[in-house]
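Here are my notes on this model, set out point by point. Please keep the structure open while reading.

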Amino acid sequence: MKIGLITLLPEMFAAISDYGICGRAIREGLVELKLVNPRDFTADKHRTVDDKPFGGGPGMLMKTEPLVAAIRATKDAFTRSMGSAPKVVYLSPQGVKVNQEKVVSESQAASLILICGRYQGIDQRVLESEIDEEWSLGDFVISGGEIAAMAVVDAMIRRQVGALGDSDSALQDSFEDDLLHCPEYTRPQSFEGRDVPSVLLSGDHAAIKRWRHKQALGTTWRKRPDLLEARELTPEQRILLDEYQKEHGDQ
Ligand code: 9D3
């Protein structure tokens, strides 16, 4: 997968290109990041990339011409090299919230372009002429699109075949879809008077699997009931959740 990143701060992307699972996937060529800086598409002496909003008020916008030139150059290069046009996405607080379903579907594309906003954002006409979709991380304010783009790229990389080590892949495969994960424990067996649940020490793999599934259902019910309302429980899951609720006094 090829991902184009239109950004005034390309150095920030070292946070994904140089570390961990994403760093390895990029070094191995599973994903190619193409960093494109609108500043390299300026013609004036000061290489200006910001501009004042019409109507006045505080703050600046991204300067239109270098931004559009950077988007079009990247779109054209990707279309020529991949044989199909990439979707162009603007990361912004006005976007639709990204979720794992979206990550899974978009990660199957050959290419994608993410536009990182800075200042107060971009001109409405650039949005209308260049952008296919607007994506947000959620209802909180961050200073620009780069950190949002990095979160999206990380999530996409994790979906590429071969990006995860064996142990991580196994984890993902066995994950109960749309449920929160069960509690996990490591050593010591007793920590400040709190003991590891004895079933995890029993060696009874069927009992451990059942306990984990019950805890995943119970944890989801307590912390994210919205996730359960959106799905149908199997009869087996209904029984496990009933047991959990009895054990936890319905709270
Ligand atoms: C004048 C009001 N602005 C500041 C409070 C609006 C505003 C402009 C630019 C708010 C944030 C930003 C920069 N944010 C992003 O580029 C961004 C973002 C976010 O802030 N929250 C959640 N997801 C995203 S994706 C990109």
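**Notes on the ligand site and backbone**

1. This is a predicted model. Start at the ligand, with Ser136. One of its polar side-chain atoms sits 3.4 Å from a ligand nitrogen. Gln120 also faces a nitrogen atom of the ligand, with a polar side-chain atom 3.0 Å away.

2. The backbone takes part too. A polar backbone atom of Gly145 lies 3.3 Å from an oxygen atom of the ligand. The ligand has 570 Å² of accessible area on its own, and the protein covers 72% of that.

3. Which residues are the closest to the ligand? They are Gln120, Leu137, Phe140, Ile142 and Gly144, out of 16 that surround the ligand. Gln120 thus appears in this list and also makes the 3.0 Å approach to a ligand nitrogen.

4. What is the make-up of the shell by class? Nine residues are nonpolar and seven are polar. No charged residue belongs to the shell around the ligand.

5. Three elements each give the shell at least two residues: β5 (87–97), β7 (133–136) and α6 (145–158). The largest share is that of β5, with three residues. As for the space that the ligand takes up, it is the second largest pocket.

6. Now the overall layout. The domain assignment splits the protein chain into domain 1 (2–158) and domain 2 (174–248). Their C-alpha centres are 39 Å apart.

7. Two backbone details deserve a look. Most residues other than glycine have a negative phi, and most peptide bonds are trans. Arg47 is not a glycine, yet its phi is positive, at about 50 degrees. Arg47 belongs to the loop between β2 (32–36) and β3 (50–51).

8. The second detail is a peptide bond. Is the bond from Arg187 to Pro188 cis or trans? The bond is cis, with omega near 0 degrees. Pro188 is placed in the loop that runs between α7 (166–174) and β8 (190–191).

How values were computed: Residues are numbered from 1 along each chain as its sequence is written. This is a predicted model: local features need pLDDT of at least 70, side-chain atom pairs count only at pLDDT 80 or more; totals for chains, interfaces and linings use all residues. Side-chain values use heavy atoms; hydrogens and water are left out. A residue is near a molecule or strand if one of its heavy atoms lies within 4 Å of it. A polar contact is a pair of N or O atoms within 3.5 Å; within protein, one must be able to donate a hydrogen and the other to accept it, and residues adjacent in sequence count only if both atoms are side-chain atoms. Accessible areas come from the Shrake-Rupley method with a 1.4 Å probe; for residues, only the protein chains shown count as cover. On a 1 Å grid over the protein atoms alone, a cavity is a set of points where a 1.4 Å probe fits but cannot get out, and a pocket is an open set with protein on both sides within 12 Å along at least five of seven lines; lining residues have an atom within 4 Å of a point. A molecule sits in a cavity or pocket if more than half of its atoms lie within 2 Å of its grid points. Helices (H or I, at least four residues) and strands (E, at least two) are DSSP runs, numbered from the N terminus. Ala, Val, Leu, Ile, Met, Phe, Trp, Tyr, Cys and Pro count as nonpolar, Asp, Glu, Lys and Arg as charged, and the others, Gly among them, as polar. Domain bounds come from an automatic or database domain assignment.
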